[in-house]
Amino acid sequence: MIVLGIESSCDETGLALVDTETGLLSHALYSQIAMHQEYGGVVPELASRDHIRRALPLLEQVLAEANLKKEAIDAIAYTQGPGLAGALLVGASVACGLGLALNLPMLPIHHLEGHLLSPLLASRPPQFPFISLLVSGGHTQLMRVDGIGQYTLLGETLDDAAGEAFDKSAKLLGLTYPGGPAISRLAEQGDPAAYQLPRPMLHSKDFNFSFSGLKTAVLTVVKNHPGVLTEQDKANVARGFVDALVDVLVAKCCTALRQTKLNRLVIAGGVGANNQLRAGLNAAAAKKRFEVYYPELEFCTDNGAMIAFAGAMRLKANPAEARYDYGFTVRPKWPLAELS
Ligand code: KG4
Ligand code: ZN
């Protein structure tokens, strides 16, 4: 069966077609980053309006790429939450309008479930059960995943998400939005011995995280620095920041694997694209003999493929879950643990 997926929770409009038997057929993405860059972050109203402009042309694009007509679609999956309310409403209304017109069953999808399952789209997909580290702009969570809809939260951030810490620290260093890739590139030139920044909650006996203090440490370094920060100073701070964040993430993943006696770690979300995090996790995996899996780089950040794929997995597991129900509501705040 062919599932259309529509993602519109933040600043990316993503559409994709997934075949429940053969996998991803086509996907297309429009990123609004350039539009939001001049404001230093996402402007929700502008995001909603732009999703309206992009959704249908992207639909035509994925259909053409898969060489299919819209009548070939068997079900429509869309991001119901969490995310920006207005942005979610655009995706949900386009999805449900199409569903009504084509008489198709609907699958409202949790955005984080999309991220969580995105590594299963890779050429070397992990088997259940596994530990998942979900590191995005809005969330940082460690989970035990036993199957579709079987998610046990082990711990999460108490304040800023990892991606948020990247973005805010980058802003303090005068880098453009989104700060993750920018700070990561800069850190490559940095001296690891220049700044030892705090590793928040590294030794806490739980699986929670806290990154706002790390961002404040960056602010303190910037403020106390005599004179203007040179490019090398900025690179050194970036390096200190990334090393601290990676240390904490890697340590908590290792403890989660040890305590649950699992040996598969699966990374998801935008920060999963980070080179330093991947290097840290790969080194730990080689040393402690566990397997680590990542999504393809293009599926780390928001995209339609992960939503179509999550829809396809759910449809396969329980066809009755797809409902001919076009009265939609969005869930801007929606804990993943509520899913079943
Ligand atoms: O998963 P995502 O696209 O959106 C949310 O659902 O939040 O993640 C976006 C986040 C941003 O904070 C961005 O700065 C971060 O992922 N990010 C990165 C990298 N690429 C994206 N952070 C560090 N290194 C990267 N290469
Ligand atoms: Zn996301």
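Buried means under 20% relative accessible area, exposed over 50%, and partly exposed in between, using a 1.4 Å probe and protein chains only. By that yardstick N67 counts as exposed, because its relative accessibility is 70%.

This is a predicted model, so local features need pLDDT of at least 70 and side-chain atom pairs count only at pLDDT 80 or more, while totals for chains, interfaces and linings use all residues. Residues are numbered from 1 along each chain as its sequence is written, chains are lettered from A and ligands numbered from 1 in the order written, and side-chain values use heavy atoms, with hydrogens and water left out.

**Backbone oddities**

N67 sits in the loop between α2 and β4. Helices (H or I, at least four residues) and strands (E, at least two) are DSSP runs, numbered from the N terminus. N67 has a positive phi of about 60 degrees although it is not a glycine. N103 has a positive phi too, near 55 degrees, and lies in the loop between α3 and β5 (106–110). With a relative accessible area of 52%, N103 is exposed.

There are cis peptide bonds to look at as well. One joins G81 and P82, with omega about -15 degrees, and P82 is in the loop between β4 (75–81) and α3. Another runs from Y177 to P178, with omega near -5 degrees; P178 belongs to the loop between α5 (162–172) and α6 (179–187).

**The zinc site**

Which protein atoms hold the zinc ion (ligand 2)? The protein donors are H111 (NE2), H115 (NE2) and D302 (OD), lying 2.0 to 2.1 Å from the ion. Donors here are N, O and S atoms within 2.8 Å of the metal (3.2 Å for Na, K and Ca); water is not among the atoms, so sites may look incomplete. Along the chain, the donors follow the spacing H-x3-H-x186-D. H111 and H115 both lie in helix α4 (residues 111–117), four residues apart, about one turn of the helix, and both are buried.

The arrangement is tetrahedral because the four donor atoms subtend angles of 94 to 132 degrees. Four donors count as tetrahedral if all angles lie between 85 and 135 degrees. For reference, the ideal angle for four tetrahedral donors is 109.5 degrees.

**Helix packing**

Here are two helix pairs side by side. Axes are lines fitted to C-alpha atoms over the stretch in contact, and angles run from 0 to 180 degrees between N-to-C directions.

| Pair | Axis distance | Angle |
|---|---|---|
| α2 (residues 44–66) and α3 (residues 85–102) | within 8 Å | roughly 30 degrees |
| α8 (residues 231–260) and α9 (residues 275–288) | 9 Å | about 35 degrees |

In the contact of α8 with α9, V242, V246, L249, V250, C253 and C254 meet Q276, L277, G280, L281, A284 and K288. Contact means heavy atoms within 4.5 Å. By class, this contact has nine nonpolar, two polar and one charged residues. Ala, Val, Leu, Ile, Met, Phe, Trp, Tyr, Cys and Pro count as nonpolar, Asp, Glu, Lys and Arg as charged, and the others, Gly among them, as polar.

**Two more residues**

N274 lies in the loop between β9 (264–268) and α9. N274 is buried, at 7% relative accessible area, and touches F166, S184 and V242, leaving aside residues up to four places away in sequence.

M35 is in helix α1 (residues 33–37) and counts as partly exposed at 25% relative accessibility. Not counting residues up to four places away in sequence, M35 touches L46, A47 and D50. M35 and D50 are 15 residues apart in sequence and 9.4 Å apart in space, C-alpha to C-alpha.

Conventions:
Tetrahedral: all angles 85-135°; square planar, octahedral: opposite > 155°, others 65-115°.
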